[in-house]
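This report covers how the chains of one model meet. Please read it with the structure open.

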Amino acid sequence: MRTLLFLLRKEFLQIFRNKLILRLIFVMPVFQLLLLPYAANYEMKNILLSVVDHDHSEYSRKMVDKITASGYFKLVNVSQTYDDALKLIEKDKADLILEIPQNFEKDLIREDQTMVMISANAINGQTAGLAVSYSNSIIRDFINDISAEWIQQPRLNPQPLIEVTSSNWFNPQMNYKYFIVPGVLALLVTLVGFILTSLNIVKEKEAGTIEQLNVTPIKKYQFILGKLIPFWILGMVVLSIGFLVSFLFYGIFPAGSLVVGFLFAGIYLIALLGFGLLTSTFAESQQQAMFVAYFFMMIFVLLGGLFAPIENMPDWAKYLTYINPVGYLIDAMRMLILKGSSFWDLRMHFLIVLGFAVLFNTLAILNYKKTT
Amino acid sequence: MKQLLTFIKKEFHHILRDTRSLLVLLALPIVQLLIFGFAITNEIRNSNIAILDNAKDETTQKIITKIENSKYFDIDRTLTTNNQIEEAFKSGKIKLAVVFQTNFQNVLAHTNKAQVQIIADATDPNQATTLANYANAIIMDYQNDLNETNKPPYTISAEIRMLYNPELKGAYSSVPGVMGMILLLISTMMTSISIVKEKELGTMEILLVSPIKPLMIILSKVVPYFVISLVNIATILLLSVFVLGMPIQGSLFLLIVVTVLYLICALSLGILISTVTESQLAAMLLSLLGLMLPVVMLSGYAFPIANMPVVLQALSNIVPAKWYIILVKSVMIKGLGLSAIWNEVLILTAMTIFFLFVSLKRFKIRLQ
Amino acid sequence: MTQKEIVIKTNKLTKKFGDFIAANEITFEVYKGEIFGFLGANGAGKTTAMKMLIGISKPSYGYAQIAGYDVYKETELIKKNIGYMSQKFSLYEDLTIKENIHLFGGIYGLSEEQIKTKREALIDKLDLHSQADKLVASLPLGWKQKLAFSIAIVHKPKIIFLDEPTGGVDPITRRQFWDMIYEAAANGITVFVTTHYMDEAEYCNRVSIMVDGVIQAIDSPDGLKRKYNAQSMEEVFLMLARGAKRGE
C-alpha cells in the first residue's frame, strides 16, 4: 500500500511537470466542447433552391411562393435554363432545381394535370431524399389548396380522419445539442484517457526507467494501479469540467442522478484506461502504441453511435458495437442526461462496463512482465 | 543526394521492421472505409417500437400489421398501460411508441375522427423526426386506403431526378469524407511523431550535427510516409470503385493530383506540429485529439456547413479536409475538370506553403 | 583462509534465444563483501547473464541462488535484497534529484524518516545541494551515474549489480565512481560489476572473463596475470578473447 503511494506521487509529479501536456488535455477538450456542438445541425432549413420557370404564369409563381414560404427552402436564384441551374449545383450553390415547364398553368386548368421536374444533388442521398420529399409534400398541399379554391363546395360525404398527434419526449424542444453534447464529451474524455495511458508504460520502456522498476520488489498490480489511479483522477476532472461546461453553456443538467452518472463514468474510465494500459504493455514503442490506439479509437468512435444511430447498422456491425465500451458510455450518458434513466434502467450498461474494467485491467496486469 | 537516399532507406527500415504499426497503417483505411460504407448509415431499418393498443379492434389491428410489415419498424413490445411507456423508453429499448385511443374503430366510424398518438424518443431529434414521419406516413397511407374514392381531381406530377447518385447510395457522401479524414489524420500523426521521436530520444541532435541539411532530414522522414500514404490512396480508390460501387466520373489523373496535393498539405501540417512539440505524447494529443473531432465535424462531412453558425462556417475554412472533400466530390462524382476546382486547389496549396513556411521558421529558431 | 560466505552461486546457468545460446552453462560463486568483475567483450553475454541473476530474465536451465534465494521461484525476494544500475541511465529525467531519491527509497520500503536522512547524506556526499531541486535531466552524465549508483544502494542491499556503470564517462568521474564502489564494498555490500574497461578490472577482487557466452577464466586479477604470463589484464583479456566469434 505504501509503495503504491510512492508510485502515485511520482506519476502526479510527472504529470504536473509537463505544462504543455496539461494545457492540451484540459484546454483542447473544453474548447472543442464549446465550439463543435454548434456545428451539429441536421435541421433542413436552408435547402438551396434554384427555380427554372419556363411558364412565368400566376400559378407557377404561386407554387414557388408556397415552397419558399415553407421555411425549408431558400430561393437562391431564378435561372433561365436548366444548364445554368446545373452549374449552380456543380458549385454547391444550389441543392435542388425546380423546373417548371411551359404550359404548366394551361395544362393544369385545361387538362386537370400538369407536371414539374425536380432535380436534386444526390451525393448525400439522405438529405437529397428529404429535400425531395419536402418539396413533394408542399406541392401536394398546393394542389389541395387549388382544389379547395376551385371546387368551393363542401364535400358531400365526410371522410374518416385519423388524427395523428406527435409528441417528442425527453427533448421536447428537439434541441440537437442535448443529443450531441453528451456524445462529444464522452468522446473527448475517451480520447484523452486512452492517449495518455496507451503511451505511458511504453514510454518508460523507451526511456529505460521501467527496467529500474522491474528490479525493485514492487508488485505488478501496484505498478498498474500506480498508473491507473492518476489517470483516472485526471479523466474524472476532465469529465467534471465537461459536465460544468455543458451545464453553463448548454443548460444541460442530467435528468437522472448525477451520482449514478459519475459512478458510471468512473467505472467506464477504469475500463478504458485498463485498455490503454494493456495496449501500452503490448507495444514495443510509443509510435506503435499510437497507431494501435488510433486504430481502436477510430473504430470505437465510428461504431459508438455518435454520428449514426446503432439501430440502423447491419447485424454484423451491431455485434461489433456490443464489445465497444465507448458505445456504452455515449448511450448511458444520453439516457441519464436526457431521459433520467435510473441505476436500475442502466444495470446492464453497468454490468458490461464493469466486466470490461475487470477484464482489461486483469489482462494489463498479466501482460505487464517484470522480465525482459 | 546520396546521403538523402541513405537516410530515406534508414527510415524505411524503421518502418518496415515495426510490422504492427505497418499493419495498422495499411489496414486502417480498409477497415474504416468498410465500416463507413456498410455500417454507418442513417437509413432507418428495423427500429424497435412499442404499441399501446387501447382499442384492440379490427382497425387498430390492421394498422398495427401495416406498421409491422414495414421495413422501418420492429414491434419490440406491446404495452397495456400508459405508465409502461416511460419505463420502456428509459430502459433504452424502444425509440417510438404508438398509442391508439380506446374504442378506436367505433369512434372512427361514428364521428369520422379517431386519435393515434405517436411518441418519439427525441434524445436524438433527427432520428425522432424521421421515425415519427415514417409512422405518420404509414397511418396516413391506411387512411388513404379508406378514402380511395375521394382523390382531389387535380394533380401535379413531379418528375424526379437524383443527380450524380440515382440509387442514393450512402458511399457517395461517406467515401470523400473518409478519404479526407484518413489521409489527414494518418499523415499528420505519422510525420509529427516520427520527427518528435528523434527529439525525445536525443537522436535529433546527432542528426543535426551531421553534415546533412536539416531540410534533408525532414524530407527523409516524410518520404516513407508519403509512400505509405500513396499505397493507402490506391487501396481506398480500389475499394471505393470495386467494393462500394463508386464511379470515377472525372479524370483519374486529376483526382490523383489533387489527392497528392492534399497529402503534401497533411504531411506539412505534421511537420508543423513536430516543430511545436517536444514529446511524442504532445504530438499525439495535437494530431489526434486536436484534429479528429474538428475534422469530422467541421469538414462538411458529418454536418452541412451551410447550417452552421457564421463563426463555425469561418472556422471550417481552415480545415484542409473541407477543401479536399469538395475536390473529391467535384472530380470523382460530378466529373468536373480543373477549371471548376482551381479555387480549392489554390487554397490547399496556400495552406501547404503556410505550414512549411512556419515550420521552417520555427526550425531555424531552434537551431540558433 | 576462513570459510567465506557465498552470496551468489550459479551452476550451469544457461539462456537460449532460439538456437542462439547467449549464456552457456555459467558456473561461478561470489563471496560476501567482494568486488566481482564480470568481464567480456560486447555481445559476450554479460548483460544476459546479469539479467538472469537479478530476476528480470528467466534462465533456460541451470541453477542460481542470489542472497540465498532461487532465481526461478523467489525473484521478488531477490529484488528486495539487491540493487541494480544499468548502462542505460534510468532515473526519471522529469523528476528532481530529491524526488527520485524519495521514489526509490519509498519503493524499497524505507520510512519517511529514513528517506530524509538518506537523502541529506546522499546530497551531502555528492555535493549536490544547489541541484537537489533541479530535474535530473539537467545533470551532466557523470553526475547522473553517481546519483544513480547512490540511489541503487539507498536501501542497503546485500548485493549491488552494476551493468557497465561507467560507459561514456570521463576518467576523473570514473575514478570517483570507483571510490564510491570501494566505499560500498567496505560497508559490506557485495559488488557485481560488468565492464569492458580492462583498467577497471584491476580494481576488482576477483574477475571472470566471458567469451561467446562461456566463462573462460575466473580468478583474482593477479592470479590471472600470473597464469597467462601477462603484464596487464588487457593482455589477459586479448589472449582469451582472440578466439571470439561474436562481438560487434
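The contact between chain C and chain A takes 21 residues from chain C and 19 residues from chain A. Two residues are in contact if their C-beta atoms, placed from the backbone, lie within 7 Å. On the side of chain C that touches chain A, the elements giving two or more residues are α2 (75–81), β6 (82–85) and α3 (97–107) of chain C. Helices (H or I, at least four residues) and strands (E, at least two) are DSSP runs, numbered from the N terminus. α3(C) gives the most to this side, with four residues.

This is a predicted model: local features need pLDDT of at least 70, side-chain atom pairs count only at pLDDT 80 or more, and totals for chains, interfaces and linings use all residues. Residues are numbered from 1 along each chain as its sequence is written, while chains are lettered from A and ligands numbered from 1 in the order in which they are written.

Of the two pairs of chains in contact, chains A and B share the most contacts. Here the contact takes 96 residues from chain A and 98 residues from chain B. Chain A offers several elements with two or more residues each, among them α2 (19–35), α6 (125–151), β5 (161–169) and α7 (176–207). A strand pairing also links the two chains: β5(A) and β4 (residues 113–121) of chain B run in the parallel sense over nine bridges. Strands pair if DSSP finds at least two bridges between them. V164(A) stands opposite V116(B) in β4(B).

The table gives the residue classes of two contact sides. Ala, Val, Leu, Ile, Met, Phe, Trp, Tyr, Cys and Pro count as nonpolar, Asp, Glu, Lys and Arg as charged, and the others, Gly among them, as polar.

| Side | Nonpolar | Polar | Charged |
|---|---|---|---|
| Chain A, touching chain B | 59 residues | 27 residues | 10 residues |
| Chain C, touching chain A | nine residues | four residues | eight residues |

Chain B and chain C do not touch; their nearest C-alpha atoms are 12 Å apart.

Chain A is divided into domain 1 (47–151) and domain 2 (176–367), with bounds from an automatic or database domain assignment. Their C-alpha centres lie 49 Å apart.

Chain C has nine helices and 10 strands. Its C-alpha atoms fill a box of roughly 50 × 40 × 40 Å, taken along the principal axes. Among contacts in chain C between residues at least 6 apart in sequence, 70% join residues at least 24 apart.
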